[in-house]
Each structure stands twice: as structure tokens, then as C-alpha cells.
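Colleague: I'm new to this structure and would love a close look at one part of it. Could you pick a spot, set it in its surroundings, and walk me through it step by step?

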Amino acid sequence: MKAQGSGHFISIDSTLGHEVVPTAAVHSTTKYAVRAISEVFRKENSDIRVCIVSPSFVESELIQG
């Protein structure tokens, strides 16, 4: 992307990367890290677009306990 002078980087995190809940501390931590890395990438590369998609809760084993 740097060589061609443009690009689009898309990260998938979670709403749990915006707020920590007691039963999902590890998940929240890793999703917050995705957000932080993406923000650093955005600030260091003005010629590459960076988007972060943060879906909300979905039916999964994590939510079921």
C-alpha cells in the first residue's frame, strides 16, 4: 500500500473494545488492542485509509457464558 501510495485497511473489533464488561475482560482487551493498533496505523499513514468496524453483540458462546 505504501509503495502504490494508497490503500484501505479495515479492522474488525467489537463494541466490547469500547467498554469492558466483567465476563469478557480478555475479549475486551484484545478488541481494544485492535482499535489502538488501527488508530496508530491511521496516524502514521496519511495516504492509507483506515476503518474500524465494531459490531455489537451476536449470539455466540462468549455471550452465553
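Modeller: Happy to! One term first: accessible areas here come from the Shrake-Rupley method with a 1.4 Å probe. By that method, the protein exposes about 4800 Å², and carbon and sulfur atoms supply 59% of this area. Please keep in mind that this is a predicted model.

Let's begin with the whole before zooming in. The protein has 2 helices and 2 strands, and from the N terminus on they follow the order β-α-β-α. Its C-alpha trace spans about 45 × 20 × 15 Å along the principal axes. The radius of gyration is 14 Å, whereas a compact globule of 65 residues would have one near 11 Å. Of the 65 residues, 17% count as buried. Take the contacts between residues at least 6 apart in sequence: 59% of them join residues at least 24 apart.

Now for the close look. I would pick Asp-13, which sits in the loop between strand 1 (8-12) and helix 1 (25-44). Its relative accessibility is 3%, and since buried means under 20%, Asp-13 counts as buried.

What does Asp-13 touch, once residues up to four places away in sequence are set aside? The list is His-18, Lys-31, Val-34, Arg-35, Ile-52, Val-53, Ser-54 and Pro-55. Two of these partners deserve a closer look.

One is Ser-54, whose side chain makes a polar contact with the side chain of Asp-13 at 2.4 Å. The other is Arg-35, which joins Asp-13 in a salt bridge through their side chains, with a distance of 3.9 Å from N to O. Asp-13 lies in the loop and Arg-35 in helix 1, so this pair ties together parts that are 22 residues apart in sequence. The two ends differ in how they are covered: Asp-13 is buried at 3%, while Arg-35 is partly exposed at 23%.

The structure holds 2 salt bridges, so let me show you the other pair too. Glu-39 bridges to Arg-42, with their closest N and O atoms 3.0 Å apart. These two residues are 3 apart in helix 1, which separates them by about one helical turn. Glu-39 is partly exposed, with a relative accessible area of 31%, and Arg-42 is partly exposed as well, at 33%.

Back to the neighbours of Asp-13, which include Val-53. Val-53 belongs to strand 2 (residues 49-53). Its relative accessibility is 40%, so it counts as partly exposed. Patches are made of residues with over 30% relative accessible area, so Val-53 can take part in one. Indeed, Val-53 joins Ile-10 and Ile-12 in a nonpolar surface patch of about 270 Å².

Finally, a look along strand 1, where we find Phe-9. Phe-9 is partly exposed, with a relative accessibility of 31%. Beyond its neighbours within four places in sequence, Phe-9 is in contact with Ser-38, Phe-41, Ile-48, Arg-49, Val-50 and Cys-51. As for Glu-44, the C-alpha atoms of Phe-9 and Glu-44 are 13 Å apart in space, with their positions 35 residues apart in sequence numbering.

To gather up the main picture: Asp-13 is a buried loop residue, with a polar contact to Ser-54 and a salt bridge to Arg-35.

Note on methods: Residues numbered from 1 in each chain as written. Predicted model: local features only at pLDDT ≥ 70, side-chain atom pairs only at ≥ 80, totals over all residues. Heavy atoms only, no water. Patch = residues over 30% accessible without salt bridge, like charges linked within 9 Å, V, L, I, M, F, W, Y side chains within 5 Å. Salt bridge = Lys/Arg side-chain N within 4 Å of Asp/Glu carboxyl O. Helix = DSSP H or I, 4+ residues; strand = E, 2+ residues; numbered from the N terminus. Buried < 20%, exposed > 50% of the residue type's maximum accessible area, 1.4 Å probe, protein only. Polar contact = N/O pair within 3.5 Å; in protein donor to acceptor, adjacent residues only side chain to side chain. Contact = heavy atoms within 4.5 Å. Rg over C-alpha atoms; globule rule 2.2 N^0.38 Å.
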